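Here is a short reading note for someone opening this model for the first time. Please keep the view open beside you and follow the points in order.

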Amino acid sequence: MTKAPPLVAGNWKMNGTRDSLWEVARVRDAVASGGAGRAEVLICPPATLLMAAAALCEGSPLKLGGQDCHAEPSGAFTGDISAPMLKDAGASYVIVGHSERRAGHQESDETVRRKTMAALDAGLCAIVCVGETAPERKAGEALAVAGRQIAGSIPKSAPPQRIAIAYEPVWAIGSGLTPGLKEIAEMHGFIREKLFAVWPGQGGVTRILYGGSVKPENAAELLSAKNVDGALVGGASLSAEAFMKIAGFYR
Ligand code: PEP
């Protein structure tokens with residue numbers, strides 16, 4: 001089984017109105033002219049923009065994704081969005097288990113696992129986020145936390161090539177702080193071992209993204225660390241120029 005190309009994913013979070021679609025069009029054009037080389041590029045806008053973004057990206061290699069999905073395909077869940085709905089709106093990916101959802105919406109590993117299953121059942125690829133808080137890192141528990149989240153959030157029956165793991169230390173998100181290269185390589189190597197434990201012989205095909213304050217200035221260093229197969233980018237993905245400078249690492 002061959003490994004998918006690197007993945008550079010943008011998470012717009014709760015940012016963006018129709019005006020922001022210009023940024024999607026700029027990324028689309030930059031990707032079309034080879035600005036990300038062999039990498040796959042993905043934007044996860046707010047759900048309100050997904051259909052309009054999909055219309056702009058028709059025929060383009062730029063992929064679109066959701067930022068979360070419900071574990072059920074439909075039903076009485078006011079305000080929620082299901083994986084089949086995201087697929088129908090033009091998504092091919094969905095982020096699950098982002099720390100802002102784990103913390104702000106009390107999502108457990110079991111909830112994330114069910115959401116991952118729902119995404120796969122709908123034909124989406126899932127980006128499963130894991131990562132420790134600052135107190136957990138200080139206590140020397142970073143690897144144990146990520147290991148527990150992976151074991152609890154990834155369904156064993158999932159095809160490994162349709163899952164990407166995003167290692168996002170909670171303390172690095174939106175803070176301007178990043179772990180050292182040694183810490184990133186240690187964590188990504190550990191995650192790789194865990195993936196081989198889930199899928200013996202096949203854990204090498206799953207992409208492991210780094211996320212947390214990735215910027216044009218630090219992208220080359222972060223993306224060159226061992227076992228880093230791409231990035232999940234928050235703040236810097238809101239600007240097409242900054243986002244493409246990051247994705248341009250793979251040119
Ligand atoms: C994120 O929220 O997934 C993220 C990585 O954010 P930022 O790049 O802004 O730290």
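1. Start with the side chain of Asn218, which reaches the backbone nitrogen of Lys215 at 2.7 Å. A polar atom of that side chain also lies 2.9 Å from the backbone oxygen of Ser213. Keep in mind as you look that this is a predicted model, and that the distances below are computed from it.

2. Where does Asn218 sit? You will find Asn218 in the loop between β7 (207–211) and α9. Its relative accessible area is 17%, and because buried means under 20%, Asn218 counts as buried. Once neighbours within four places in sequence are set aside, Asn218 is in contact with Thr178 and Ser213.

3. Ser213 deserves a visit of its own. Like Asn218, Ser213 has its place in the loop between β7 and α9. Ser213 is buried, with a relative accessible area of 9%. Its phi is positive, about 60°, although Ser213 is not a glycine. For background, most residues other than glycine have a negative phi.

4. The neighbouring point of interest is Val214, in the loop between β7 and α9. Is Val214 buried or exposed? Val214 is buried, at a relative accessible area of 4%. Leaving out neighbours within four places in sequence, the residues in contact with Val214 are Ala219, Leu222, Ala231, Leu232, Val233, Ala236 and Ile246. For a sense of scale, try drawing a line from Val214 to Gln161: the two are 53 residues apart in sequence, and their C-alpha atoms are 24 Å apart in space.

5. One of the contacts of Val214, Ile246, leads to helix α10 (residues 240–247). This helix is mostly covered, with six of its eight residues buried. Which residues of α10 are buried? They are Ala240, Ala242, Phe243, Met244, Ile246 and Ala247. The elements that cover them include β1 (7–11), α1 (21–32), β2 (40–44), α9 (219–223) and β8 (230–233).

6. Now look at the aromatic rings. How many aromatic pairs does the structure hold? There are two aromatic pairs. One of them is formed by Phe249 and Tyr250 and is edge-to-face, with 4.9 Å from centre to centre and 85° between the planes. The partners differ in cover: Phe249 is partly exposed, at 32% relative accessibility, whereas Tyr250 is buried, with a relative accessible area of 8%.

7. Next comes the ligand. Which residues around the ligand come nearest? Of the 14 residues around it, these are Lys13, His98, Glu168, Gly174 and Ser213. The shell divides into four nonpolar, eight polar and two charged residues.

8. Three polar approaches to oxygen atoms of the ligand are worth displaying. A polar side-chain atom of Glu168 lies 2.8 Å from a ligand oxygen. A backbone N or O atom of Ser213 lies 2.7 Å from a ligand oxygen, and a polar backbone atom of Gly234 is 2.8 Å from a ligand oxygen. The protein covers 97% of the 290 Å² of accessible area that the ligand has on its own.

9. Lys13, named above among the residues that come nearest to the ligand, is found in the loop between β1 and α1. Lys13 has a positive phi near 55°, in a residue other than glycine. Lys13 is partly exposed, at a relative accessible area of 21%.

10. Finish at Gly131, in the loop between β5 (125–130) and α6 (134–138). Gly131 counts as buried, at 8% relative accessibility. What does Gly131 touch, not counting residues up to four places away in sequence? Its contacts are Val145, Gln149, Tyr167, Glu168, Pro169 and Val170. Glu168 thus appears twice in this note: here beside Gly131, and earlier with a polar side-chain atom 2.8 Å from an oxygen atom of the ligand. Gly131 and Gly97 are 34 residues apart in sequence, and 10.0 Å apart in space from C-alpha to C-alpha.

Note on methods. Residues numbered from 1 in each chain as written. Predicted model: local features only at pLDDT ≥ 70, side-chain atom pairs only at ≥ 80, totals over all residues. Heavy atoms only, no water. Near = heavy atom within 4 Å. Polar contact = N/O pair within 3.5 Å; in protein donor to acceptor, adjacent residues only side chain to side chain. Areas by Shrake-Rupley, 256 points an atom, 1.4 Å probe, with all protein chains shown as cover. Nonpolar A, V, L, I, M, F, W, Y, C, P; charged D, E, K, R; others polar. Phe/Tyr/Trp six-rings, centres within 6.5 Å; stacked < 30°, edge-to-face > 60°. Buried < 20%, exposed > 50% of the residue type's maximum accessible area, 1.4 Å probe, protein only. Helix = DSSP H or I, 4+ residues; strand = E, 2+ residues; numbered from the N terminus. Contact = heavy atoms within 4.5 Å.
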